[in-house]
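Open the model in your viewer and keep the sequence panel beside it. The stops below say what to select next and what to look for there.

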Amino acid sequence: MQSDPRQPANPALTRLLSTWRVQSHLPADFSNRVWLRLARIDGSAGVSIADALRHWLSDVFLRPTWSLGYALVLLGAGLLGGYLGAREQTERFKQHMEQRYVQSINPYFHPR
Amino acid sequence: MNGSRLTRAIAILLAGVLLGLVAWGGVYWTLTAPHRAILREHHPELAWLQLEFNLSPAEFERISALHRAYLPYCEELCERIAAHHNDIRHLVQQSTELTPEIQSLLEEAARVRIECQQMMLDHFFAVSRAMSPEQGRRYLAWVQEKTFHMDHERTAPAGFHTGHGPADHRHHRHH
């Protein structure tokens with residue numbers, strides 16, 4: 001039959017254990033670091049959107065691969081947008097010039 | 001947070017946007033440069049014709065000369081059409097039936113219309129002959145579709161049209 005571990009089996013050993021002290025040196029800024037971590041934990045519950053955005057910006061845009069990809073995407077979008085805009089403008093220009101030419105040679109022609 | 005890190009991140013963000021805008025503007029400006037060059041010409045519609053039908057300088061000169069020679073006749077017809085239009089409208093407003101005067105003016109307007117179409121066709125053939133055969137055929141098909149189709153779609157016969165008449169044909173812009 002096993003003895004109950006919560007009951008002191010040996011009073012002498014119990015007394016000896018109660019006198020034991022850990023002889024260990026903590027780092028110099030241990031206390032400071034503990035308080036800083038506590039402060040961060042407290043603050044994380046109420047992080048503002050602006051702070052989150054700042055963190056995200058710094059996190060994403062300072063990574064070379066991400067910033068390069070971002071630049072390439074915007075470059076591509078700009079090139080494509082310029083091409084499509086110019087194509088649309090070319091079509092409008094062609095219609096305008098067709099109308100001008102026809103208007104110049106047809107006495108009956110007039111815009112509605 | 002480190003402020004300089006954030007500043008660098010924002011600088012990269014803005015530089016990317018600027019890069020996109022510059023790319024957009026550069027491509028758009030380059031591809032539309034010929035349009036601006038055409039609009040700076042004395043007769044932009046002729047400059048456009050040269051580009052559209054790939055005319056050589058000699059062809060362009062011949063067609064420009066034909067165009068310049070044609071314009072006074074075109075303008076004269078335009079004025080006659082406008083005068084007929086006004087006369088017909090005036091008489092119709094004052095009458096309650098088809099009078100001999102109105103009938104006479106309508107017949108005269110029809111004759112002017114035939115004359116106008118003959119003159120235009122003659123000019124179109126002359127212009128098409130001044131081009132290479134292939135471009136000439138393309139020009140004829142295009143200009144007939146544009147002029148006679150628009151004539152039918154946009155104006156009433158012999159200028160008998162309420163609201164806007166052939167007088168709106170703005171010769172002063174092109175002649």
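A residue counts as buried when its relative accessible area is under 20%, and as exposed when that area is over 50%. Keep in mind that this is a predicted model.

**Stop 1: the two chains**

Color by chain and begin with chain A. Of its 112 residues, buried ones make up 23%. Chain A holds four helices and zero strands. Its pattern along the sequence reads α-α-α-α. Show its surface: chain A exposes about 8,800 Å², with 62% of that supplied by carbon and sulfur atoms.

Now switch to chain B. Here there are six helices and zero strands. Buried residues account for 39% of the 175 residues in chain B. The accessible surface of chain B is about 10,300 Å², and carbon and sulfur atoms hold 59% of it. Among chain B contacts with a separation of 6 or more, 64% join residues 24 or more positions apart.

**Stop 2: helix H1 of chain B**

Select residues 3–39 of chain B, which form helix H1. Put a distance label between the end C-alpha atoms: they are 51 Å apart. At 1.5 Å a residue, the 37 residues should span 54 Å, so the two values agree. Where does H1(B) kink? Look at B:Thr32, where there is a kink of about 45°. The proline B:Pro34 follows shortly after.

Next, show side chains along H1(B). The buried ones include B:Leu6, B:Gly16, B:Gly20, B:Val27, B:His35 and B:Ile38. B:Thr32, the site of the kink, is also buried. What do the buried residues of H1(B) pack against? Their partners are helices H3 (49–61) and H4 (64–105) of chain A, together with helix H2 (44–52) of chain B.

**Stop 3: helix H3 of chain A**

Cross to the partner side and select H3(A). The 13 residues of H3(A) should span 18 Å at 1.5 Å a residue, and the end C-alpha atoms are 18 Å apart, which agrees. Pick out its buried residues: A:Leu57, A:Ser58, A:Val60 and A:Phe61. They pack against H4 of chain A and H1 of chain B.

**Stop 4: the nonpolar cores**

In soluble globular proteins, nonpolar side chains tend to be buried together. Select A:Tyr101, B:Trp48, B:Leu49, B:Tyr139 and B:Trp142. Within the largest nonpolar core, of 32 residues, these touch the most other members. Two or more residues of this core come from each of H4 of chain A and, in chain B, H2, helix H3 (57–94), H4 and helix H5 (133–154). H3(B) gives the most, seven residues.

Center on B:Trp48. Leaving out residues up to four places away in sequence, B:Trp48 touches A:Phe93, A:Lys94, A:Met97, A:Glu98, A:Tyr101, B:Ile38 and B:Trp142. Another core lies apart from the largest one and has seven residues, including A:Leu57, A:Val60, A:Tyr70 and B:Leu6.

**Stop 5: the aromatic rings**

Show the rings as sticks. Over all chains, the structure holds ten aromatic pairs. Zoom to B:Phe53 and B:Tyr139, an edge-to-face pair with centres 5.6 Å apart and 80° between the planes. B:Phe53 sits in the loop between H2 and H3 of chain B and B:Tyr139 in helix H5, so the pair ties together parts 86 residues apart in sequence. Are these two residues buried or exposed? B:Phe53 is buried at 1% relative accessible area, and B:Tyr139 is buried at 0%. Widen the selection: ring pairs link A:Tyr101, B:Trp48, B:Phe53, B:Phe124, B:Tyr139 and B:Trp142 into a cluster.

**Stop 6: three single residues**

Select B:Asn54, in the loop between H2 and H3 of chain B. B:Asn54 is not a glycine, yet has a positive phi of about 50°. B:Asn54 counts as exposed, at 61% relative accessibility.

Go to B:Leu51 in helix H2 of chain B. B:Leu51 is exposed because its relative accessible area is 54%. From B:Leu51 to B:Ile38 is 9.0 Å, C-alpha to C-alpha, with their positions 13 residues apart in sequence.

Finish at B:His123, in helix H4 (residues 100–129) of chain B. B:His123 is buried, at 5% relative accessible area. Beyond neighbours within four places in sequence, B:His123 contacts A:Tyr101, A:Ile105, B:Leu66, B:His67 and B:Tyr70.

How values were computed: Residues are numbered from 1 along each chain as its sequence is written. Chains are lettered from A and ligands numbered from 1 in the order in which they are written. This is a predicted model: local features need pLDDT of at least 70, side-chain atom pairs count only at pLDDT 80 or more; totals for chains, interfaces and linings use all residues. Side-chain values use heavy atoms; hydrogens and water are left out. The expected span of a helix is 1.5 Å times one less than its number of residues. The bend at a residue is the angle between axes fitted to the seven residues ending there and the seven starting there. Buried means under 20% relative accessible area, exposed over 50%, partly exposed in between (1.4 Å probe, protein chains only). Contact means heavy atoms within 4.5 Å. Accessible areas come from the Shrake-Rupley method with a 1.4 Å probe; for residues, only the protein chains shown count as cover. A nonpolar core is a set of buried Ala, Val, Leu, Ile, Met, Phe, Trp, Tyr and Cys residues joined through side-chain atoms within 4.5 Å. Rings of Phe, Tyr and Trp (its six-membered ring) pair if their centres lie within 6.5 Å; planes under 30 degrees apart count as stacked, over 60 as edge-to-face and the rest as tilted.
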